[in-house]
Amino acid sequence: FPFIRLSLLDVEGLGALLLQSDKDILILTTYEDVSPKSLEFRNPVSVGHTCNKIFLIRNPFDLFASRMLKPDRKTDVTYNIKQAWKDYAYSCINNPCFSNSDYLCVIYDRFISDSYYKKSLCLMLGIAYSEEGLSRVSSIGGGSSFDGVKFDREAAKMCVNERWKGLVNNKEYLSLFDAEILELAFLLFGDSEALQEVRKRV
């Protein structure tokens, strides 16, 4: 697929692009740390084109650690990220696949470690399975909050499931967790080491 960067709000430009093209085009738009309740996930494409909506959710322990250490993060990272994560968690628990909704929920932690899970997602989306690109670290957004693009082409070397360990005794970090988040984390990600350690401290 050709890659074209287009403003999320440029609806007219998107429509014109689709009408003029006689080729398959992959248009990827992302919303980060924004609650699904605050967005209208409308189908931006015209008749004859397919729009797949994917909710990608990561465990809160590593996600919150990454957001706290983001170089350009805002002073207050608490409410928006907490509420947005809860909203996506409930969406994924209630509608884990296309069967009852028009979106697909993807569990990030399983995606990076389970090839069978990735293959099943490809089947649901109707696309060919490929490992191409899994070793890359995108420079968009500055790369990883912890490593930047240092591990580009060696992404597997990043300890993406251990980000929480460096902040597990940090008061600001622990303040992000409440009983509701811990329960949702258990339902989606199981009784992980991160959950056990954070639960001891909050």
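User: Does Lys200 count as buried, partly exposed or exposed, and what is the relative accessibility behind that in this predicted model?
Analyst: The model is predicted. Exposed means over 50% relative accessible area. Lys200 therefore counts as exposed, at a relative accessibility of 61%.

User: Which side chain meets Lys200 in a salt bridge?
Analyst: The contact runs N to O at 3.1 Å. Lys200 and its partner are three residues apart in helix H8 (residues 193-201), about one helical turn. The partner of Lys200 is Glu197.

User: Which other residue of helix H8 forms a salt bridge with Glu197?
Analyst: The N to O distance is 2.8 Å. The two residues lie four apart in H8, about one turn of the helix. This partner counts as partly exposed, at 33% relative accessibility. The residue is Arg201.

User: Which residues are joined into one network by salt bridges that share partners?
Analyst: The model has seven salt bridges by the 4 Å rule. Shared partners link some of the residues involved. The network consists of Lys82, Lys86, Asp178 and Glu180.

User: Are Lys165 and Glu162 buried, partly exposed or exposed?
Analyst: Their side chains meet in a salt bridge, 3.9 Å from N to O. Lys165 has a relative accessible area of 39%. Glu162 comes to 41%. The range from 20% to 50% is the one in between, so Lys165 and Glu162 are both partly exposed.

User: Which cysteines form a disulfide?
Analyst: The count comes to one disulfide. Its sulfur atoms are 2.0 Å apart. That is inside the 2.5 Å cut-off. The pair is Cys92 and Cys105.

User: Which parts does the Cys92 and Cys105 pair tie together, and how many residues apart are they in sequence?
Analyst: Both cysteines are buried. Cys92 lies in helix H3 (residues 78-94), and Cys105 in strand E2. The pair therefore ties together parts of the chain with a sequence separation of 13 residues.

User: What is the handedness of the disulfide between Cys92 and Cys105?
Analyst: The torsion about the S-S bond decides this. Its value is about 100°, so the disulfide is right-handed.

User: Which residue of strand E1 stands opposite Cys105?
Analyst: E1 and E2 pair in the parallel sense over five bridges. E1 (residues 53-57) has a covered face of Lys53, Phe55 and Ile57. Its uncovered face holds Ile54 and Leu56. Opposite Cys105 in E2 stands Phe55.

User: Why do the buried residues of helix H5 lie on the same side, and how wide is their arc?
Analyst: The buried residues of H5 (residues 115-125) are Tyr117, Lys118, Leu121 and Cys122. They sit on the same side of H5 because they cover an arc around the axis of only 140°.

User: Which elements do the buried residues of H5 pack against?
Analyst: Cys122, one of the buried residues of H5, has 13% relative accessibility. On the other side of H5, Tyr116 and Leu123 are exposed. The packing partners of the buried residues are strand E2 (103-107) and helix H4 (108-111).

User: Which residue has a side-chain oxygen that reaches the backbone nitrogen of Tyr116?
Analyst: This contact is at the start of H5. The oxygen comes to within 2.9 Å of that nitrogen. The residue is Asp114.

User: Which residue just after H5 takes a positive phi?
Analyst: The angle is about 75°. The residue is Gly126.

Definitions and conventions. Residues are numbered from 1 along each chain as its sequence is written. This is a predicted model: local features need pLDDT of at least 70, side-chain atom pairs count only at pLDDT 80 or more; totals for chains, interfaces and linings use all residues. Side-chain values use heavy atoms; hydrogens and water are left out. Buried means under 20% relative accessible area, exposed over 50%, partly exposed in between (1.4 Å probe, protein chains only). The arc is that of the directions from the helix axis to the C-beta atoms. Contact means heavy atoms within 4.5 Å. A polar contact is a pair of N or O atoms within 3.5 Å; within protein, one must be able to donate a hydrogen and the other to accept it, and residues adjacent in sequence count only if both atoms are side-chain atoms. Two strands pair if DSSP finds at least two bridges between them.
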